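Please read the following alongside the sequence and the coordinates. The text takes up a helix packing, then some backbone features, then the surroundings of the ligand.

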Amino acid sequence: MTPAARIAAAAELLDAILAGAPAEQILTRWARASRFAGSKDRLAVRDLVFEALRRRRSCAALGGTETGRGLMLGLVRARGEDPDTLFTGSGHAPAPLTGAERAVAAGDLPEEVALDVPDWLAPRLRASLGADFAAVMALLRDRAPVFVRVNLAKADRAAAQAALAEDGIAARPHPLSPTALELTENARKLHLGRAYRDGLVEVQDAASQAVCDHLPVPAAGTALDYCAGGGGKALALAARPGVRVFAHDAEAQRMRDLPARAGRSGVRIDCLAPGAAGQAAPYDLVLCDAPCSGSGAWRRSPDGKWRLTEARLAELVRIQATILDAAAPLVAPGGVLAYATCSLLDEENAAQATRFCARSAGWQCRAEHRFTPLDGGDGFYLALLERSGTGLTRA
Ligand SMILES: C[S@@+](CC[C@H](N)C(=O)[O-])C[C@H]1O[C@@H](n2cnc3c(N)ncnc32)[C@H](O)[C@@H]1O
């Protein structure tokens with residue numbers, strides 16, 4: 001495919017996504033149906049679609065309309081390329097520019113537009129991020145780095161880095177966590193290589209790893225990952241010597257790959273059926289990595305930024321509170337209830353933890369940790385809640 005044909009294909013896919021279809025589904029369906037597209041074409045089209053989604057508002061402003069074609073035109077302009085060299089109408093290229101498209105003024109964009117923030121969310125993100133608002137929002141317009149967690153049950157960081165190098169993948173240690181490696185070259189080869197196949201590394205964001213580093217579990221203690229999902233955090237906990245890990249999720253399907261992932265990592269995780277989290281209670285640590293807006297991970301799932309509504313956010317805040325209330329009784333005396341989100345919004349984070357402590361007799365917040373993309377990984381929040389404690393540490 002020519003660069004222009006890739007742009008035409010991305011514009012068509014974006015129209016389907018703007019009409020409400022999930023981006024991943026649309027891209028997968030297109031890749032299957034487009035025999036003419038080689039692997040490089042598929043990756044290039046995918047990159048165009050995701051870049052336009054991360055920058056949807058500013059691209060629409062620069063392209064004149066919020067359509068697939070408008071977003072692609074805006075992206076071409078934002079990159080400083082000449083649209084007339086791509087929008088030629090010949091072969092599979094998009095049609096030449098109309099008079100209206102040519103007339104779009106490229107003046108200064110308002111800050112919310114330039115930073116690609118929905119209007120209704122901007123005040124909440126400003127209040128939550130303070131002086132970091134603009135810098136964080138600017139970072140969320142770029143592609144996320146790829147990180148792996150070194151599985152300390154099988155290798156140390158230097159050995160994992162060497163194994164990745166043998167697979168042709170360049171990696172460097174990342175300061176967010178002693179287990180984090182950032183893949184700097186050939187990250188797309190990861191799943192084909194020995195380091196991954198042999199369980200030396202797992203894909204996990206560096207801030208997510210840092211969250212796990214802060215989770216306290218005593219030696220030979222027990223931990224429950226109450227909202228385990230794919231089990232990224234459960235796997236990190238299970239790599240600690242002597243810790244017995246249980247995984248639970250309201251939707252058992254979400255944990256379907258966990259036994260295979262645990263097997264590859266050489267660790268044990270006991271998966272509990274939905275509603276059976278009490279089976280092995282009480283636990284020294286109960287982690288609630290709750291469903292959230294995902295605002296800290298909008299680089300990876302840019303669709304989410306535009307699909308989130310005020311009503312959905314309010315519903316998520318209610319679900320998070322219900323989860324905390326259900327999980328708290330499962331914590332052993334002297335144990336810790338860990339509340340985590342990949343959100344940047346205070347109402348899902350510190351305000352949620354504060355409301356829990358206010359309505360739950362004897363509970364208090366022992367420590368809080370916040371990560372934003374300025375630290376290198378996704379945005380994350382962690383509160384360590386306990387029934388008795390010595391005070392609050394903010395980090
Ligand atoms: C943010 S994801 C978890 C990600 C996972 N901990 C990881 O690190 O890979 C949140 C999970 O919470 C689950 N969930 C939603 N409501 C729940 C509930 N009431 N009880 C338990 N799990 C719930 C969802 O099915 C989803 O898998």
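In this predicted model, helix H1, residues 3-18, packs against helix H5, residues 68-78, with the two axes 7 Å apart and an angle of about 130° between them. H1 is therefore oblique to H5, since the angle is neither over 145 degrees, which would count as roughly antiparallel, nor within the 65 to 115 range of roughly perpendicular packing. The crossing of H1 past H5 is right-handed. On the H1 side, the contact is formed by Ile7, Ala10, Ala11, Glu12, Leu13, Leu14, Asp15 and Leu18. H5 contributes Gly68, Arg69, Leu71 and Met72. Sorted by class, this contact holds 8 nonpolar residues, 1 polar residue and 3 charged residues.

The backbone comes next. Most residues other than glycine have a negative phi, and most peptide bonds are trans. Three places in the model can be read against that background.

The peptide bond that leads from alanine 281 to proline 282 is cis, its omega lying near 0°. Proline 282 sits in the loop that joins strand E7 (269-271) to strand E8 (283-289).

Asparagine 186 is not a glycine, yet its phi is positive, at about 60°. This asparagine belongs to the loop between strand E3 (180-185) and helix H11 (194-197). Is asparagine 186 buried or exposed? Neither term applies: asparagine 186 counts as partly exposed because 15 other C-beta atoms lie within 10 Å, whereas 20 or more would make a residue buried and 12 or fewer would make it exposed.

Alanine 220 is also a residue other than glycine with a positive phi, here near 60°. Its position is in the loop between helix H12 (206-213) and strand E5 (222-225). Alanine 220 has 10 C-beta neighbours inside 10 Å and so counts as exposed, the limit for that class being 12 or fewer.

The last topic is the ligand. Which residues around the ligand come nearest? Of the 16 residues there, the nearest are Cys227, Gly229, Gly232, Ala250 and Asp289. Helix H13 (232-238) and helix H16 (310-327) are the elements that each give two or more residues to this shell. By class, the shell around the ligand is made up of 7 nonpolar, 4 polar and 5 charged residues.

How values were computed: Residues numbered from 1 in each chain as written. Predicted model: local features only at pLDDT ≥ 70, side-chain atom pairs only at ≥ 80, totals over all residues. Near = placed C-beta within 6 Å. Helix = DSSP H or I, 4+ residues; strand = E, 2+ residues; numbered from the N terminus. Nonpolar A, V, L, I, M, F, W, Y, C, P; charged D, E, K, R; others polar. Axes fitted to C-alpha atoms, helices over the stretch in contact; angles between N-to-C directions. Parallel < 35°, antiparallel > 145°, perpendicular 65-115°, else oblique. Left-handed = near helix turned anticlockwise from the far one by under 90°. Contact = placed C-beta atoms within 7 Å.
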